[in-house]
Number of protein chains: 2
Amino acid sequence: MSNAKVLPLLEPDGQSVAPCCPPLTERPLNAEEAETAARMFKALGDPVRLRLFSAVASHEGGEACVCDISDVGVSQPTVSHHLKKLKEAGLLTSERRGTWVYYRVEPSVLAAMGHLLTKASSPAA
Amino acid sequence: MSNAKVLPLLEPDGQSVAPCCPPLTERPLNAEEAETAARMFKALGDPVRLRLFSAVASHEGGEACVCDISDVGVSQPTVSHHLKKLKEAGLLTSERRGTWVYYRVEPSVLAAMGHLLTKASSPAA
DNA sequence: CGTCTATGTTGACGCCTGTCGATACAGGTG
DNA sequence: CACCTGTATCGACAGGCGTCAACATAGACG
């Protein structure tokens, strides 16, 4: 059930990342941690969403208008649907500027997910 | 964010885990790349699978018997089902030793997925 | 060989999700 | 103001997926 609007996967605290969970290799995740982390992976678990996310993440200026990235082989409503999902998962943010809507990657997300996938030794500090 | 201590990238081991894609932040993935990468993310996009994967990844010796990790709140067939999915996605390998079956993490997977989530790699001198 | 434990497979069921067309909304332009 | 473009929402549909109980298979052990 997706009753949650936007998941607080990470503290919107600028660069300071508040990862939901330790690296997967460090200790077994408990149910709650797994629930949270799985939402992130799930959001990227669709090819269309992954392409949209990658298109935004790699776009110059760190943001992209929908019109710039909507050429992924599905209809416009479907693109909008996926962008909404990515937003609900906390991976993207959107901002309307005039006629167009610009999406950008929530910066801490990449760090958080990357942290999950690191080997147990993390160069903290 | 250099990958100084990262594992050997990907072995030519058939279709387990392809050297699929550049970092998501580097270039927009094409359809084929997204298809491949999404399969990995999707496999970890379920809480039960994520717990199983984490349990294996964090288990001593780098491997775990099913009996050691099957306490995730679902029935035994469901555990087996998810382990199969993880295996099909190339994230785990299994080996039967006597009565028990041991699962271990395909090591290149963590590197490959981590690589996807890195910031655009700077041409380190 | 019979039986027990450990694990995988099958079949069924219901929810979730990706997709589309139609439509609504926002904002620019004339 | 009317109209056009860009984007989001709605409603519907099909297929995928997670789950379980029942059963099948593999190996150990008497």
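# Chat about a two-chain model with DNA

Analyst: Hi! A small detail to start with: B:Glu63 sits opposite B:Arg104 of β3(B). Keep in mind that this is a predicted model.

User: Thanks! How many bridges join β1 to β3(B), and which way do the strands run?

Analyst: There are three bridges between β1 (residues 63–65) of chain B and β3(B), and the two strands run antiparallel.

User: And what about β2 in chain B, how many bridges to β3(B) there?

Analyst: Strand β2 (residues 92–97) of chain B is joined to β3(B) by six bridges, with the strands antiparallel. One pair to look at is B:Glu95, whose bridge partner in β3(B) is B:Tyr102.

User: What sits between β2(B) and β3(B)?

Analyst: Two residues, in a hairpin. B:Gly98 is in that turn, and its phi is positive, about 70°.

User: Nice. Over to chain A: what is the strand order in the sheet?

Analyst: In chain A the order is β1-β3-β2, an open sheet of three strands with antiparallel pairing. β1 (63–65) and β2 (92–97) of chain A are the edge strands, each pairing on one side only. From one strand to the next, the twist averages 25°.

User: How many bridges do β2(A) and β3(A) have?

Analyst: Six, and the pairing is antiparallel. For a landmark, find A:Ser94, which stands opposite A:Tyr103 in β3(A).

User: Which strands does α2(A) lie across?

Analyst: α2(A) lies across β1, β2 and β3 of chain A, and runs at about 90° to β3(A). Another helix, α4(A), packs on the sheet as well: α4(A) touches β2 and β3 of chain A, and its direction makes about 120° with that of β2(A).

User: At what angle do the axes of α2 and α4 of chain A cross?

Analyst: Roughly 75°, for α2 (residues 47–58) and α4 (residues 76–88) of chain A, whose axes come within 10 Å. That angle makes α2(A) roughly perpendicular to α4(A).

User: Which side chains should I display for that contact?

Analyst: From α2(A), pick A:Val48, A:Arg49, A:Leu52 and A:Phe53. From α4(A), add A:Val79, A:His82, A:Leu83, A:Lys85 and A:Leu86. By class, this contact has six nonpolar, one polar and two charged residues.

User: And at what angle do α2 and α4(B) pack over in chain B?

Analyst: About 75°, with the axes of α2 (residues 47–58) of chain B and α4(B) 10 Å apart. So α2(B) is roughly perpendicular to α4(B). The residues that make the contact include B:Leu52 and B:Phe53 of α2(B) and B:Leu83 and B:Leu86 of α4(B).

User: How are the two chains related, then? What RMSD do you get for A on B?

Analyst: Chain A can be laid on chain B with an RMSD of 0.1 Å, using a turn of 180° and a shift of 0.0 Å along the axis. The two copies are thus related as by a two-fold rotation axis.

User: How many residues are in contact between them?

Analyst: 31 residues of chain A are in contact with 31 of chain B. On the chain A side, α1 (31–43), α2 and α5 (107–116) each supply at least two residues. The largest share of that side comes from α2(A), with eight residues. By class, the side of chain A has 17 nonpolar, seven polar and seven charged residues.

User: Why do you say the copies meet through the same surface?

Analyst: Because 100% of the interface residues of chain A are also interface residues in chain B.

User: Changing topic: which residues are closest to DNA strand C?

Analyst: A:Val74, A:Ser75, A:Pro77, A:Thr78 and B:Pro77, out of 27 residues that surround the strand. The largest share of the surface near DNA strand C, six residues, is from α4(B). By class, that surface divides into eleven nonpolar, twelve polar and four charged residues.

User: And which come nearest to DNA strand D?

Analyst: Of the 25 residues around DNA strand D, the nearest are A:Cys67, A:Pro77, B:Val74, B:Ser75 and B:Pro77.

User: Which helix gives the most to that surface near DNA strand D?

Analyst: α4(A), with six residues. The elements that each supply at least two residues there are α3 (66–69), α4 and β3 (100–105) of chain A together with α4 (76–88) of chain B. By class, the surface near DNA strand D has ten nonpolar, eleven polar and four charged residues.

How values were computed
Residues numbered from 1 in each chain as written. Chains lettered and ligands numbered in written order. Predicted model: local features only at pLDDT ≥ 70, side-chain atom pairs only at ≥ 80, totals over all residues. Least-squares fit on C-alpha atoms with pLDDT ≥ 70 in both. Contact = placed C-beta atoms within 7 Å. Axes fitted to C-alpha atoms, helices over the stretch in contact; angles between N-to-C directions. Helix = DSSP H or I, 4+ residues; strand = E, 2+ residues; numbered from the N terminus. Parallel < 35°, antiparallel > 145°, perpendicular 65-115°, else oblique. Nonpolar A, V, L, I, M, F, W, Y, C, P; charged D, E, K, R; others polar. Near = placed C-beta within 6 Å. Pairing = 2+ DSSP bridges.
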